[in-house]
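Here is a small set of exercises to work through with the model open beside you. Try each task yourself before reading its solution.

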Amino acid sequence: MSANKKKSRTSHRELFVVSKDAPFQFVEAYKSLRTNLEFLSATSNCKTILITSSVPEEGKSNVAINLAITLAASNKRVVLVDCDMRKSAISRYLRIPRSHSGLTNVITTKDVGKLPDALLRLKDNGITVLPVGTIPPNPAELLSTPIVERIFTALQQTYDYVIVDTPPVSVVTDAAVLSRVSDGVLLVVRPGVTTIQGAQLSKKNLEAVDAHILGVVMNGYNVKKTGRKDGYSYAYSYGYYDTKQDSSNE
């Protein structure tokens, strides 16, 4: 995979990849996110992190990929799992052939022993990817099957971090269903796309299944429009809160 930015042919947005050629602010923003997650992992064993958003076009897959790459850059074993069985973007962004075996293929065989065949190591950025596999007609039902927990248990035993890309939580139930196998959830929002009502609904849906919301990732933050010149306003801005301590956003 090239270190330069990649364009998605089916979206108007570009995938900017964390690399030595990426803008300093961009890289530092993801390093900041990594630092916070590493602290959480050290204090609460937070290693399986679910990435979701309120609606499409908020850039959750972009965040999932770059977070995985940034974690791997600190010599961590990282697997990126594509659980968006409705509108998968991971394989498209990373140019993984659709024919490659993936998560759904392992689930349908009901054999965790097939997992190694579905995993794909990307040497250029140091991560391992579990592609979505064959797109099923019943994603939520498939993700609810017992073998899914066994798959994630196997991944957790092998990798330091399991980053999971899921569909928007206020649109379908997949992310809520998967919260049972995650240690925490990051909610991606995007100025001009995410509404307050949408973010509140997403928070409510996650809390309804007792998901541990780690925080919010503000994607696509436009520094130029803010007029900030202090060097601390990044293209990607991160906010964190502990839902167990903060109930002011109910």
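Buried means under 20% relative accessible area, and exposed means over 50%. Keep in mind throughout that this is a predicted model.

**Exercise 1. Decide whether Thr52 is buried or exposed, then describe its surroundings.**

Solution. Start with the secondary structure: Thr52 belongs to strand β3, which covers residues 48–53. Next, take the accessibility. Thr52 has a relative accessibility of 0%, so it counts as buried. Now look for a polar partner: the Thr52 side chain comes to 2.8 Å from the backbone oxygen of Pro167. Finally, list the contacts, skipping residues up to four places away in sequence. Those of Thr52 include Lys60, Thr166, Pro167, Pro168, Val169 and Leu206. The stretch Val185, Leu186, Leu187 and Val188 also touches Thr52.

**Exercise 2. Find which residues touch the most other members of the largest nonpolar core, and which helix gives the most to it.**

Solution. The largest nonpolar core holds 35 residues, and the members touching the most others are Ile49, Leu80, Ile127, Ile163 and Leu186. Helix α2 (residues 60–72) gives the most to this core, contributing eight residues. Take Ile49 as a worked case: beyond its neighbours within four places in sequence, Ile49 is in contact with Leu37, Gly184, Leu186 and Leu214, among others. The run Tyr161, Val162, Ile163 and Val164 is also in contact with Ile49.

**Exercise 3. Classify the one aromatic pair that a search of the whole structure finds.**

Solution. First identify the rings and their geometry. The ring centres of Phe26 and Tyr30 are 5.3 Å apart and their planes meet at 65 degrees, so the pair is edge-to-face. Then place the two residues: both sit in helix α1 (residues 24–44), four residues apart, or about one turn of the helix. Last, check accessibility. Phe26 is buried at a relative accessible area of 5%, and Tyr30 is buried at 0%.

**Exercise 4. Work out how many disulfides the structure has, and whether Cys46 and Cys83 are buried or exposed.**

Solution. The criterion is a pair of cysteine sulfur atoms within 2.5 Å. A search of the whole structure turns up zero disulfides. For accessibility, Cys46 has a relative accessible area of 2% and is buried. Cys83 is at 0% and counts as buried too.

**Exercise 5. Describe how Ile147 is placed in space and in sequence.**

Solution. Ile147 is part of helix α7 (residues 146–158). With a relative accessible area of 6%, Ile147 is buried. Compare sequence with space: Ile147 and Thr108 are 39 residues apart in sequence, while their C-alpha atoms are 9.0 Å apart. Beyond four places in sequence, Ile147 is in contact with Val106, Ile107, Lys110, Asp111 and Val112. For the protein as a whole, among contacts between residues at least 6 apart in sequence, 78% join residues at least 24 apart.

**Exercise 6. Find where the confidence is lowest and where it is highest.**

Solution. Begin with the overall figures: the mean pLDDT is 82, and 82% of the residues reach 70 or more. Among the elements, strand β10 (residues 237–240) is lowest with a mean of 38, and strand β6 (residues 127–130) is highest at 98. Then turn to the weak stretches. Residues 1–12 have pLDDT below 50, and the model gives this stretch 23 contacts beyond near neighbours in sequence. Residues 226–250 also stay under 50, with 48 contacts beyond four places in sequence.

Terms used. Residues are numbered from 1 along each chain as its sequence is written. This is a predicted model: local features need pLDDT of at least 70, side-chain atom pairs count only at pLDDT 80 or more; totals for chains, interfaces and linings use all residues. Side-chain values use heavy atoms; hydrogens and water are left out. Buried means under 20% relative accessible area, exposed over 50%, partly exposed in between (1.4 Å probe, protein chains only). A polar contact is a pair of N or O atoms within 3.5 Å; within protein, one must be able to donate a hydrogen and the other to accept it, and residues adjacent in sequence count only if both atoms are side-chain atoms. Contact means heavy atoms within 4.5 Å. A nonpolar core is a set of buried Ala, Val, Leu, Ile, Met, Phe, Trp, Tyr and Cys residues joined through side-chain atoms within 4.5 Å. pLDDT is the predictor's confidence in each residue, from 0 to 100. Rings of Phe, Tyr and Trp (its six-membered ring) pair if their centres lie within 6.5 Å; planes under 30 degrees apart count as stacked, over 60 as edge-to-face and the rest as tilted.
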